Amino acid sequence: MKSIKKKTVTVSEAAQILTSCKRVALFAHKNPDGDTVGACVGLKLILQKIGVFAEIFCDSEINGKLLRFEEARAIKNKIDDKYDLMVAVDCGDLFRLGNFSGCYSDFDETLTLDHHGGEYFSKYNCVKNYASTCQIVFEVADALRLQIDEVSATYLYMGLCTDTGNFAHNNTDYDSFSMAAQLFKYGADIQKVYQVFFRDVTFAEIKLTARVLSRVRSYYDNQMYLLYVTKSDLDELGLDQSVTSGLVRYAIDIDTAKVGVCIVEYLPNTFKVSMRGKDFSVRNVCNEFGGGGHVLAAGCLINGFLEDVIEKIVRAVGYSI
């Protein structure tokens, strides 16, 4: 990785950096969610309005619910052109770029737009303590005095809605509702976003949920609940790991829970861990394993055998609970 002088920039300065370019590469984080995709697509459409060519790249395949949104299907997994600027969108650290981290770290002109408050790894870093990265993109449009159209509004609403749990998580604030109201005015398809991300499930997903809930584990006098999904579970039901993103809520929604954990094996002996907390910093736990996120919603990756991974997590939580 090049040694670069890292600078913190405001939203207005980030907007100026973006508009000074002719060709921009936008990067969604691996295992993409609604916020990284919504922010990338929203920013791409905004830049196109002012004549800036932009493309979106992601190290992971776009699948599941995100495929219900047409513009998300155009995200690429290979760079085959030259750009003036590379932008990491909704990425708290370089690792989240996956296989693109090398070319990104070697590039001279880079910009981070993120709300996680993690590592500063770009030349320019616009990091805000917001509920979603889409709020930063929304402010970029405002700084450029651009009118957001219906499509852009829908994608920005997607990120805002999914990262706040449909405005139910504790990161929801006045600014979240204010932005949602404005996006509604601009024509955001709020019904589609809600239906796709919070209502629609396949029969196979229902069967997976039933299987996972049948083996939930509790620890520390029912203050911690843990769910797990094996690769064989997914393969047997013909599902990919993207359908597991909401399972952790079943663990944290139990009334006595302070910590909810969902472990998903997406490669043999490689587990993606999602944690949620109630008055308990799960970010501190995930940091121990090289992960991160928010105080009450964080994640990490752990390699090993399932029972060993579970034991490590339970022990790490036990130091603080």
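Strand β1, residues 7-8, and strand β6 pair in the parallel sense, over two bridges. This is a predicted model, so read what follows as a description of a prediction. Within that pairing, T8 has N125 as its bridge partner in β6. Strand β6 also pairs with β5, which covers residues 110-114; that pairing is parallel too, and it runs over four bridges. There, L111 has Y124 as its bridge partner in β6.

Now the side chains of β6 itself, which spans residues 124-127. Y124 and C126 point one way from the strand, while N125 and V127 point the other way. Are these four buried or exposed? All of them are buried.

Next, salt bridges. How many does a search of the whole structure find? The search finds 11. I will go through some of them.

Take R68 and D200. Their side chains meet in a salt bridge, with an N to O distance of 3.2 Å. This pair links distant parts of the chain: R68 sits in the loop between β3 (53-57) and β4 (85-89), D200 sits in the loop between α7 (190-198) and α8, and the two are 132 residues apart. As for accessibility, R68 is partly exposed, at a relative accessible area of 41%. D200 also counts as partly exposed, at 24%.

The next group centres on D233. R211 forms a salt bridge with D233, and the closest N and O atoms are 3.0 Å apart. Where do the two residues lie? R211 is in helix α8 and D233 is in helix α9, residues 231-237, so this salt bridge ties together parts that are 22 residues apart in sequence. R211 is partly exposed, with a relative accessible area of 25%. D233 has a relative accessible area of 5%; buried means under 20%, so D233 is buried.

D233 has another partner. It forms a salt bridge with R215, where the closest N and O atoms are 2.3 Å apart. That pair again links distant parts of the chain, with D233 in helix α9 and R215 in the loop between α8 and β7 (217-219), 18 residues apart. Which residues do the shared partners join into one network? They are R211, R215, D233 and E236.

Staying with helix α8, which covers residues 203-213, F203 is found there as well. F203 has a relative accessible area of 64%, and exposed means over 50%, so F203 is exposed. Together with V201 and I206, F203 forms a nonpolar patch on the surface. The accessible area of the three together is about 330 Å².

On to helix α3, residues 101-106, where S105 is found. S105 is buried, with a relative accessible area of 11%. What lies 3.0 Å from a polar atom of the S105 side chain? That is the backbone oxygen of G102.

Now the loop between α5 (150-163) and α6 (174-185), which contains N171. N171 is partly exposed, at a relative accessible area of 23%. Leaving out residues up to four places away in sequence, N171 touches A131, D163, T164 and S176. For a long-range reference, take Q48, which is 123 residues from N171 along the chain; the C-alpha atoms of the two are separated by 31 Å.

F167 is found in the loop between α5 and α6 too. Its backbone is worth a line: F167 has a positive phi of about 65°, although it is not a glycine. F167 counts as buried, at 17% relative accessibility.

There is another positive phi to report, at D279. Here phi is near 55°, again in a residue other than glycine. D279 is found in the loop between β10 (270-277) and α11 (282-287). Is D279 buried or exposed? At 78% relative accessibility, D279 counts as exposed. To put the two side by side, F167 counts as buried, whereas D279 counts as exposed.

To recap the main items: β6 pairs in the parallel sense with β1 and with β5. Salt bridges join R211, R215, D233 and E236 into one network. V201, F203 and I206 form the nonpolar surface patch. That is the end of the list.

Conventions. Residues are numbered from 1 along each chain as its sequence is written. This is a predicted model: local features need pLDDT of at least 70, side-chain atom pairs count only at pLDDT 80 or more; totals for chains, interfaces and linings use all residues. Side-chain values use heavy atoms; hydrogens and water are left out. Patches are made of residues with over 30% relative accessible area and no salt bridge: like charges are joined within 9 Å, nonpolar side chains (Val, Leu, Ile, Met, Phe, Trp, Tyr) within 5 Å. Accessible areas come from the Shrake-Rupley method with a 1.4 Å probe; for residues, only the protein chains shown count as cover. A salt bridge is a side-chain nitrogen of Lys or Arg within 4 Å of a carboxyl oxygen of Asp or Glu. Buried means under 20% relative accessible area, exposed over 50%, partly exposed in between (1.4 Å probe, protein chains only). Contact means heavy atoms within 4.5 Å. A polar contact is a pair of N or O atoms within 3.5 Å; within protein, one must be able to donate a hydrogen and the other to accept it, and residues adjacent in sequence count only if both atoms are side-chain atoms. Two strands pair if DSSP finds at least two bridges between them.
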